[in-house]
Amino acid sequence: MKKQGCEIEAVGIDYKIHTQKRDNPFKIFNKNQQEVVDQKLQQQRPGIRNVLQDVNCKAKPWEILAIVGPSGAGKSSLLEILAGKLTPQSGSIFVDQTPIDKAQFRKISGYVTQNDSLFPLLTVEETLTFSAKLRLRLPQTQLSVSVKSLIQELGLDHVAMARVGDDRVRGISGGERRRVSIGVDVIHDPKVLILDEPTSGLDSTSALQIIDMLKVMAETRGRTIILSIHQPGFRIVKLFNSMLLLANGLVLHQGTVDQLGANLRDMGLQLPLHVNIVEFAIESIEAIQQQRKGPVQVQEQGFSAPSSRTGKFTLQQLFQQQSKVVDEETVNVGIDFPRDFANSRLKETMILTHRFSKNIFRTKELFACRTIQMLVSGLVLGSIFRNAKDDLAGAEERVGLFAFILTFLLSCTTEALPIFLQEREILMKETSCGSYRVSSYALANGLVYLPFLLILTILFSTPLYWLVGLNPNFTAFIHFLLLIWLILYTANSVVVCFSALVPNFIVGNSVISGVMGSFFLFSGYFISSHEIPKYWIFMHYISLFKYPFEGFLINEFSKSGKCLEYMFGSCLVTGEAVLREEGYGEESRWRNVLVMVGFILVYRFVSYVILRCRCSHRSLRASYS
């Protein structure tokens with residue numbers, strides 16, 4: 001008995017986007033010409049583009065439906081609507097002739113984007129294993145068997161232990177990487193698989209292998225496969241069960257390839273020898289659109305206008321005419337929906353922490369180079385300020401050292417920004433299909449860097465502290481380590497926060513540099529807090545430099561018994577006296593630590609809120625458009 005699949009049907013899909021016209025910013029330089037341009041712009045407003053117009057299509061289980069058409073035809077938009085990523089202004093999506101909730105549908109479907117969103121430093125097997133752990137509720141042994149079985153099905157046995165790679169990291173080939181992307185989205189055995197140009201950027205052999213693999217998936221697992229493709233070859237076209245031809249958002253044909261050829265011949269368009277029928281149909285779109293204006297039109301298998309013009313409607317279309325968008329309810333239509341998330345929040349956090357740690361320790365720029373940088377920096381600084389004297393000049397040197405340490409540690413963490421931006425793209429993709437919670441990602445991201453930053457702290461602080469000859473009390477050394485660790489973690493939290501907010505690395509680097517520069521300016525090193533104007537004093541109290549800088553001074557001079565200046569054998573100036581003059585005291589030691597921890601929590605929470613809003617915005621866009 002055949003496994004029951006899902007039939008997907010789209011009825012009366014209309015989707016529009018607003019294109020906003022902007023005035024010429026240089027109109028003040030040439031008013032006469034600008035008046036003519038303004039008149040033309042007024043005639044073009046409002047800027048509304050019909051991406052899809054009354055699109056009807058049907059995809060059946062055990063088959064491949066290929067959506068073809070020229071660039072700008074609306075292929076990707078239709079796929080996103082079918083996948084539940086976008087909501088059209090009107091129209092309905094049915095699964096087995098029943099409206100279904102988009103959130104539930106995303107759990108039984110897979111959506112493969114045109115770009116491969118994968119971690120380049122993980123191996124093929126690790127990538128699929130982590131995806132399986134996040135999406136399946138299986139024992140470890142059964143999960144491993146499922147992953148190995150999928151690797152064989154994808155034809156990736158020979159590269160299972162190879163890294164995925166990308167443009168910068170050497171790894172598997174483009175075709176193999178595309179199969180890994182497909183594997184990530186079929187690990188939970190979806191009934192429906194939607195792919196946006198899976199052969200884009202691949203050579204003809206790799207493209208054929210991808211489509212042939214999808215054909216086997218459809219015929220052996222009963223999947224409903226819907227894909228868009230730009231220029232399919234002869235052998236690829238033969239693997240399609242049905243084809244949807246789009247142009248300017250209109251359906252020109254849905255049916256088999258043979259029916260497409262028959263309709264072209266009926267129109268008097270003879271297919272030349274050695275020419276792909278799909279390419280010929282795309283080249284003949286203008287002739288086909290002229291034919292659609294004729295009086296005789298058939299919707300199912302020919303070139304036709306929307307069925308609303310024929311005067312004949314199905315029951316679904318009549319219902320759709322009364323209510324443009326069907327009120328979608330969760331209907332179980334005989335489908336076993338997964339319940340919520342596959343794992344608890346604790347289990348998700350553990351899995352994501354494990355995955356993060358692999359990426360960190362394999363990223364040479366972040367781990368190896370950063371480790372060497374911190375060790376060398378500690379040695380160099382220690383040799384420069386070696387054996388600083390216990391007098392006023394030595395105290396000034398120590399203050400300058402502390403200021404430089406803060407500047408160095410808080411401003412050299414932007415190298416992790418590209419990694420966070422890459423993780424954000426993968427986060428958006430994985431949370432949209434219900435793999436895990438955003439809160440689990442935020443917790444794992446916060447936990448995984450703690451041991452790594454502790455290692456950096458020890459490598460940097462140990463040679464620096466004892467070479468310079470700072471407070472010889474071992475308790476003071478431990479407190480110094482704590483301050484350095486918190487400084488590094490604060491900087492990491494700031495980068496995480498802004499990586500969730502900014503669109504790309506260039507903007508993020510500029511914003512972080514500007515924020516850090518402003519905080520350093522108001523730290524109290526360049527200008528005393530008493531001299532800062534009242535309307536800028538708030539910057540002093542939210543400065544990330546203020547509290548660790550005070551912590552360094554208190555740790556070095558409070559209860560140290562150091563005398564900074566002698567006269568006639570008696571001490572005139574002590575370190576504690578200088579601290580009291582600036583308003584610092586031993587009572588502020590742990591208050592500064594708590595404030596730094598508070599900054600870390602605030603930036604982490606803000607980053608979580610921003611990521612949650614981004615993911616929610618994507619879901620709302622899918623629900624309300």
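On one side of helix H9, Asp258, Arg265 and Asp266 are exposed. The model is a predicted one. H9 spans residues 257-266, and its buried residues are Val257, Leu260, Gly261, Asn263 and Leu264. Viewed down the axis of H9, these buried residues fall within an arc of 165 degrees, so they line one face of the helix. The exposed Asp258, Arg265 and Asp266 are on the other side. Just after H9, Gly268 adopts a positive phi of about 85 degrees.

Val257 belongs to helix H9. Its relative accessibility is 18%, so Val257 counts as buried under the 20% cut-off. Beyond its neighbours within four places in sequence, Val257 contacts Val237, Met243 and Ile277. Met243 lies 14 residues from Val257 in sequence. In space, the C-alpha to C-alpha separation of Val257 and Met243 is 6.7 Å.

Ser242 is part of strand E9, which covers residues 242-247. Its relative accessible area is 13%, and Ser242 is therefore buried. Apart from neighbours within four places in sequence, Ser242 touches Ile64, Leu65, Ala66, Gly255 and Thr256.

Two non-glycine residues with positive phi are described next. Trp62 is not a glycine, yet has a positive phi of about 70 degrees. Trp62 sits in the loop between strand E2 (48-59) and strand E3 (64-68). Asp96 also departs from glycine in identity, and its phi is positive at about 50 degrees. The loop that holds Asp96 runs between strand E4 (90-95) and strand E5 (98-99). With a relative accessible area of 24%, Asp96 is partly exposed.

Helix packing was examined for two pairs. Two packed helices are described by the angle between their axes and the distance between the axes. In the first pair, helix H14 comprises residues 368-384 and helix H15 residues 392-411. Their axes come within 13 Å and cross at roughly 165 degrees. Angles over 145 degrees count as roughly antiparallel, so H14 is roughly antiparallel to H15. The crossing of H14 past H15 is right-handed. From H14, the residues Gln373, Met374, Ser377 and Leu381 take part in the contact. They meet Leu401, Phe404, Ile405, Phe408 and Leu409 of H15. By class, the contact of H14 with H15 contains 7 nonpolar and 2 polar residues, with no charged residues.

The second pair consists of helix H17 (residues 438-468) and helix H18 (residues 474-501). H17 and H18 pack at an angle of about 135 degrees, and their axes are 8 Å apart. That angle makes H17 oblique to H18. H17 passes H18 in a right-handed crossing. The residues of this contact divide into 20 nonpolar and 6 polar, with no charged residues.

These elements belong to a protein chain of 625 residues, of which 51% count as buried. The chain contains 23 helices and 12 strands. Contacts between residues at least 6 apart in sequence were also tallied for the chain. Of these, 77% join residues at least 24 apart.

Definitions and conventions
Residues numbered from 1 in each chain as written. Predicted model: local features only at pLDDT ≥ 70, side-chain atom pairs only at ≥ 80, totals over all residues. Heavy atoms only, no water. Axes fitted to C-alpha atoms, helices over the stretch in contact; angles between N-to-C directions. Helix = DSSP H or I, 4+ residues; strand = E, 2+ residues; numbered from the N terminus. Parallel < 35°, antiparallel > 145°, perpendicular 65-115°, else oblique. Left-handed = near helix turned anticlockwise from the far one by under 90°. Nonpolar A, V, L, I, M, F, W, Y, C, P; charged D, E, K, R; others polar. Buried < 20%, exposed > 50% of the residue type's maximum accessible area, 1.4 Å probe, protein only. Arc of directions from axis to C-beta. Contact = heavy atoms within 4.5 Å.
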